[in-house]
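Open the model in your viewer and keep the selection panel at hand. The tour goes from the whole chain to single residues.

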Amino acid sequence: MRIIRCENYKEASEKAAAVIASQVIQKPDCVLGLATGSTPLGTYANLAKWCDEGLVDFSKVMSFNLDEYMGLSPEHDQSYHYFMKHNLFDKINIDQSRTFVPDGLAEDPSSVGEAYDAHIASEGGIDLQLLGIGRNGHIGFNEPCDEFVAPTHLVTLKENTREANARFFTSIDEVPTQAITMGMKSIMQARKVLLMACGPDKMEILKAALEGPVTPQVPASILQLHKDLVVVYCERGQDEA
Ligand code: F6R
């Protein structure tokens, strides 16, 4: 495990973007696993800038996102499809037909999960998986529970996750109650994992994840068992200099 402590969000976003850019430079046709949420916004802004400056070329990259809310169409402004398009894909030279996000409108999420994992495996697996961490320790939408769930699957979101994400919606009632998330298998099989945690509200759970027991009650703790984990964190929040 390599831990990079940063002074602030700006530095954390530069460090995380540098890890991703070096992956793409070393293997231009790599497979990236991507996350949404507020944490990676600065990282994505750096990647967009470096792409614009001709420093990183995403034209051969393929990507798979971690998760999507059930019931939201790709056009919904709180869907993770929309998030990725507007915060990254439209700003870099990636071929958008090679970017994949789980289908939040799937009628049969179990078959979607299986197909998503099979697709990832058929592309040789994920080279670099970017992760944020929820205040309850979730990664993707793998919520605290009694066992680690391996395949991409349907989850019922915990109330504290819906409350945390309500800031993006007009009211908590609009936050979907279910999501489809990549499971621990595809995450742990990624050749490199980059975990980001920024802000005072993430420090306690980050410590529990990295130093506490490996338990599905703290889903991110499974990352202690990953052979190539890079953690980029800062105690200061995203709006602090
Ligand atoms: C998003 C995801 C989630 C977030 C986590 C932290 O695709 O998988 O696990 O990374 O909820 O969210 P933020 O960054 O908004 O604090």
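Contact here means heavy atoms within 4.5 Å. Keep that cut-off for every neighbour list below, starting from a model that is predicted.

**Whole chain.** Select the protein chain and show it as a cartoon. You should find seven helices and ten strands. The radius of gyration is 16 Å, close to the 18 Å that the globule rule gives for 241 residues, so the chain is as compact as a globular protein of that length. Along the principal axes, the C-alpha atoms fill a box of roughly 40 × 35 × 35 Å.

Now switch to a surface. The chain exposes about 10700 Å², and carbon and sulfur atoms supply 51% of that area. Of the 241 residues, 55% count as buried. Colour by charge next: there are 21 positive and 34 negative side chains. The centres of the two sets lie 8 Å apart. For the contact map, take pairs at least 6 apart in sequence: 79% of those contacts join residues at least 24 apart.

**The open sheet.** In what order do the seven strands of the open sheet run? Select them as β1-β10-β9-β6-β2-β3-β5, with parallel pairing. The edges are β1 (2–6) and β5 (99–100), each of which pairs on one side only. Zoom in on the β1 edge. Five bridges tie β1 to β10 (residues 229–234), and the two run parallel. Pick I3 there; V231 of β10 stands opposite. Strands of a sheet pair through backbone hydrogen bonds, either parallel or antiparallel.

**Antiparallel pairs around β8.** Select β8 (residues 178–181) and β4 (residues 67–69). Three bridges join these strands, which run antiparallel. Y69 has A179 as its bridge partner in β8. Then add β7 (residues 153–156). Four bridges join β7 to β8, again in an antiparallel run. Here the partner of H153 is T181.

**T181.** Stay on T181, which lies in β8. Is T181 buried or exposed? Its relative accessibility is 0%, so T181 counts as buried. Expand the selection by contact, skipping neighbours within four places in sequence. The residues that T181 touches include L66 and D67. G140, F141 and N142 are also among the contacts of T181. P151, T152, H153 and V155 complete the list for T181.

**L157.** Move to the loop between β7 and α5 (159–165), where L157 sits. L157 has a relative accessible area of 6%, which is under the 20% cut-off, so L157 is buried. Draw a distance from L157 to P176: the C-alpha atoms are 8.1 Å apart, with the two positions 19 residues apart along the chain. Which residues does L157 touch, beyond those up to four places away in sequence? They are Y69, F141, E143, R162, P176, T177, Q178 and A179. Y69 and A179 are the bridge partners from the β4–β8 stop.

**P109.** Finish at helix α4 (residues 109–122), which holds P109. Its relative accessible area is 13%; P109 is therefore buried under the 20% cut-off. Leave out neighbours within four places in sequence, and P109 is in contact with M70, L154 and I180. Last, draw a line from P109 to E53. They are 56 residues apart in sequence, and their C-alpha atoms are 40 Å apart in space.

Methods. Residues are numbered from 1 along each chain as its sequence is written. This is a predicted model: local features need pLDDT of at least 70, side-chain atom pairs count only at pLDDT 80 or more; totals for chains, interfaces and linings use all residues. Side-chain values use heavy atoms; hydrogens and water are left out. The radius of gyration is taken over C-alpha atoms; the globule rule is 2.2 Å times the number of residues to the power 0.38. Buried means under 20% relative accessible area, exposed over 50%, partly exposed in between (1.4 Å probe, protein chains only). Accessible areas come from the Shrake-Rupley method with a 1.4 Å probe; for residues, only the protein chains shown count as cover. Lys and Arg count as positive and Asp and Glu as negative; His and the chain ends are not counted. The place of a charge is taken as NZ of Lys, CZ of Arg, CG of Asp or CD of Glu. Two strands pair if DSSP finds at least two bridges between them.
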